[in-house]
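Please open the model in your viewer and keep the sequence panel beside it, so that each selection can be followed in both. The tour goes step by step, and each stop tells you what to select next.

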Amino acid sequence: MIHVLKFLQVSDVHLDSSFSARLNFPPDKLKIRKEEHKGIISNICKMVKDEDIDIVLIPGDLIDFESSTADTTNFLIDKFSSISPIPIIITPGNHDFYSPSSMYNPDFLTEKRQSVWSNNVIIFKHHTFESIDLPYCRGISVTGISHSENRPFDERFLVGNIPRRKDSINILVFHGSRDGYCPPDKKVTLPFSDEELIKLGFDYSAIGHYHSYSKVTDADGNVRGAYAGCPMGRNLRECGEKFIIIGKIYENRKVEIEKRKIDHRTIYEISINCTGLNHNEAVLNAIKEKVKVKTVNKNDIVYVRLIGRFPPGNIIEIPGNFLKDDYFHITFDKSDVQPDYDIQKYIEIPDTADTTESKFVKELSSLVANASDDSERIIIENAIYYGLDALTQKSVKPRYED
Ligand SMILES: [Mn+2]
């Protein structure tokens, strides 16, 4: 069967946003990564030409307004005009919301003596759903909505009826929160459920906001919408493979989508438990082994978090060049490793010289000796560590074994 429309969907690029400080990029690597971030746009434009894409769908957060620069705006305007007349549909999100003083307003760009968006770039500007027909893509109608400044999207906008064109293939494009998929600490905006979306009757919905790929299918297993997620990772909440979507819509309204990786690097967060590793080389070996298993190739970005307990007084030392040549970038975070207490030392303190810590350890150790079974013994042993954390470090960190 021949498709009637081939689309490319990308969102949540967040151009001009900062990269996580925790990834600890040295200046040269950060510079490369920033170029690669912009390179996503160049790659997309190339794909549009190479793969005969009919339309580009961008459901929001293309750019971060708070930190955006005129340079990036001009870059986008230039790149997008290079694929004219292929339509590029933009429905601004909560990070690139439409406002009179936004780069999405051509009058504002003119005022600032910047060039304006080419005719193939279609930007939705209103806080309500609108439909447009596309002269370049016959029989296709696109419906979209824009986020705007100071107007929260708390209501369930997808409940009820959003007009569609009767004889067209109808595509819905928006930036919103699918119920049940919102990661912790992510803003809920323009919330909707799968049922609400499917009931609207659009042939396909291109959705932005969440940074992971996910698709919405109906009861018959047909694809009815999808999040591409962000196309490349910038921080530890964006670990793992990231994608854009290439999709095809057929005459019978069936939709086929394919996720495509366009960033050649992946961020991995790997935890190494140091408990029971009582010398530095053992820690280095454990890192080496696990990192090798969990990563894919030399292009990757690796964040190693050491956790657990290490003998008190000993310091984990990671040589400056450790595994550096094996990856684009690797960084080690030791800040979660806690000292492993020498319980015997507290028990051996004579009663006359007792400290609060030694009294506490002795008391609980006698409970360990009298524990009725293993599970009770483990609970009391853990309590000794938690108590020592509280007494010596004024904070309690959960033990890995819990
Ligand atoms: Mn967003």
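Select Ile-246 and Glu-258 together: in this predicted model, Ile-246 stands opposite Glu-258 in β14. Now widen the selection to the two whole strands, β13 (residues 244–250) and β14 (residues 255–260), which pair in the antiparallel sense over six bridges. Between the strands of this hairpin there are four residues, and when you click on Arg-253 you are looking at a residue that takes a positive phi near 75°.

Keep β13 in view and add β1, which is the next partner to inspect. Strand β13 and β1 also pair in the antiparallel sense, over six bridges, and a good place to check this is His-3, which stands opposite Tyr-250 in β13.

From β1 (3–9), follow the chain into the loop that leads to α1 (27–50), and stop at Leu-23, which is found in that loop. Is Leu-23 buried or exposed? It has 21 C-beta neighbours inside 10 Å, and because the cut-off for a buried residue is 20 or more, Leu-23 counts as buried. Leaving aside residues up to four places away in sequence, select what Leu-23 touches, namely Asn-235, Ile-301, Tyr-303 and Thr-331. If you then add Arg-377, which is 354 residues apart from Leu-23 along the chain, you can check that the two C-alpha atoms are separated by 40 Å.

Next, select helix α2 (residues 70–82). At 1.5 Å a residue, its 13 residues should span 18 Å, and this agrees with the end C-alpha atoms, which are 18 Å apart. Colour Thr-73, Leu-76 and Phe-80, the buried residues of α2, and turn the view until you look down the axis of the helix: these buried residues fall within an arc of 60°, so they line one face of α2. Show α1, β3 (88–90) and β4 (121–123) as well, for these are the elements that the buried residues of α2 pack against. On the other side of α2, select Ala-70 and Asp-71, which are exposed.

Finally, zoom out and colour the chain by its division into domain 1 (3–260), domain 2 (267–337) and domain 3 (343–393). The C-alpha centres of domain 1 and domain 2 lie 37 Å apart, while the contact between them takes nine residues from domain 1 and eight residues from domain 2. On the side of domain 1 that touches domain 2, the residues divide into four nonpolar, two polar and three charged.

Key
Residues numbered from 1 in each chain as written. Predicted model: local features only at pLDDT ≥ 70, side-chain atom pairs only at ≥ 80, totals over all residues. Domains from an automatic or database assignment. Contact = placed C-beta atoms within 7 Å. Nonpolar A, V, L, I, M, F, W, Y, C, P; charged D, E, K, R; others polar. Buried ≥ 20, exposed ≤ 12 C-beta atoms within 10 Å, placed from the backbone. Expected span 1.5 Å × (residues − 1). Arc of directions from axis to C-beta. Pairing = 2+ DSSP bridges.
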